[in-house]
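Subject: The structure you asked about

Hello,

Here is the structure for you to open alongside this note. Please have a look at it, and then read on for what turned up.

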Amino acid sequence: EVQLVESGGGLVQAGGSLRLSCAASGFTFDDYAIGWFRQAPGKEREGVSCISSSDGSTTSADSVKGRFTISSDNAKNTVYLQMNDLKPEDTGSYYCVAPCVVGADWIAEYWGQGTQVTVSS
């Protein structure tokens with residue numbers, strides 16, 4: 001059974017930082033690209049960032065480039081999302097997903113339960 005467990009959300013002021021973690025289990029870590037989606041109140045879910053566990057290549061949404069960094073620790077089967085210079089519009093529920101496929105759309109099959117990020121102005 002695929003399990004994705006997020007942690008690290010919280011309340012932070014604009015300009016601050018948070019690091020999200022996603023512990024993955026139930027599949028071979030290298031087989032999937034793993035990533036993050038988010039959903040703001042009243043909006044649709046959107047892809048944030050994905051990483052290939054096999055070669056480390058990454059893809060990020062334009063809205064977070066230069067501020068968010070995705071990384072993985074294959075020994076711990078864990079993916080991280082370092083979020084810097086947070087803005088109020090980054091507020092939302094953040095979901096760890098696998099596999100994370102980026103094409104014309106961002107697609108994911110398995111989802112974690114989500115962790116809340118709130119950025120105050």
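Let me start with phenylalanine 68: setting aside its neighbours within four places in sequence, phenylalanine 68 is in contact with Arg38, Val48, Leu81, Gln82, Met83, Asn84, Leu86, Asp90 and Tyr94. Please keep in mind throughout that this is a predicted model.

**The nonpolar cores**

Phe68 belongs to the largest nonpolar core, which has 25 residues. Phe68 is also among the residues with the most contacts inside that core, together with Ile34, Trp36, Val79, Leu81, Met83 and Tyr94. Which strands supply at least two residues each? They are S3, S4 (33-39), S5, S7 (68-73), S8 (78-83), S9 and S11 (115-120). The largest share comes from S3, with four residues.

Apart from this core lies another one, of five residues. Its members include Phe37, Cys50, Val97 and Cys100. Two of those names come back below, in the part on disulfides.

**Arginine 38 and its charged partners**

One of the contacts of Phe68 deserves a paragraph of its own: Arg38. Arginine 38 is found in strand S4. Is this arginine buried or exposed? Its relative accessible area is 6%, so arginine 38 counts as buried, the limit being under 20%. Not counting residues up to four places away in sequence, arginine 38 touches Glu44, Arg45, Glu46, Val48, Ser63, Val64, Phe68, Glu89, Asp90, Ser93 and Tyr94.

Tyr94, already named as a core residue, makes a polar contact of 3.0 Å with arginine 38, side chain to side chain. The side chain of arginine 38 also has a polar contact of 2.6 Å with the side chain of glutamate 46.

How many salt bridges does the structure hold? There are four, and here are some of them:

- Glutamate 46 and arginine 38 form one, with the closest N and O atoms 2.6 Å apart. Glutamate 46 is partly exposed, at a relative accessible area of 35%, whereas arginine 38 is buried at 6%.
- Aspartate 90 and arginine 38 meet in another, at 2.9 Å from N to O. This pair links distant parts of the chain, 52 residues apart: aspartate 90 is in the loop between S8 and S9, and arginine 38 is in strand S4. Aspartate 90 is buried, with a relative accessible area of 1%.
- Aspartate 90 also forms a salt bridge with arginine 67, where the closest N and O atoms are 2.7 Å apart. Arginine 67 lies in the loop between strand S6 (58-60) and S7, and aspartate 90 in the loop between S8 and S9, so the pair ties together parts that are 23 residues apart in sequence. Arginine 67 is buried too, with a relative accessible area of 9%.

Through shared partners, these salt bridges join Arg38, Glu46, Arg67 and Asp90 into one network.

**The disulfides**

Now for the cysteines. The count comes to two disulfides.

Cysteine 22 is joined to cysteine 96, with an S to S distance of 2.0 Å. The link is left-handed, with -75° about the S-S bond. What does this pair tie together? Cysteine 22 lies in strand S3 (residues 18-25) and cysteine 96 in strand S9 (residues 92-102), so the bond connects parts that are 74 residues apart in sequence. Cysteine 22 is buried, with 0% relative accessibility, and cysteine 96 is buried with a relative accessible area of 0%.

The other disulfide is formed by cysteine 50 and cysteine 100, whose sulfur atoms are 1.5 Å apart. Cysteine 50 sits in strand S5 (residues 46-52) and cysteine 100 in strand S9, so parts 50 residues apart in sequence are tied together here. Cysteine 50 is buried at a relative accessible area of 4%, and cysteine 100 is buried at 6%. Both cysteines are members of the five-residue core described above.

With the bonded cysteines of the protein chain numbered in sequence order, the pairing reads 1-3, 2-4.

If you would like a place to begin in the viewer, try Phe68 and then its contact Arg38; from there you can follow the network on to Glu46, Arg67 and Asp90.

Best wishes

Definitions and conventions. Residues numbered from 1 in each chain as written. Predicted model: local features only at pLDDT ≥ 70, side-chain atom pairs only at ≥ 80, totals over all residues. Heavy atoms only, no water. Disulfide = S-S within 2.5 Å. Buried < 20%, exposed > 50% of the residue type's maximum accessible area, 1.4 Å probe, protein only. Core = buried A, V, L, I, M, F, W, Y, C linked by side-chain atoms within 4.5 Å. Contact = heavy atoms within 4.5 Å. Polar contact = N/O pair within 3.5 Å; in protein donor to acceptor, adjacent residues only side chain to side chain. Salt bridge = Lys/Arg side-chain N within 4 Å of Asp/Glu carboxyl O.
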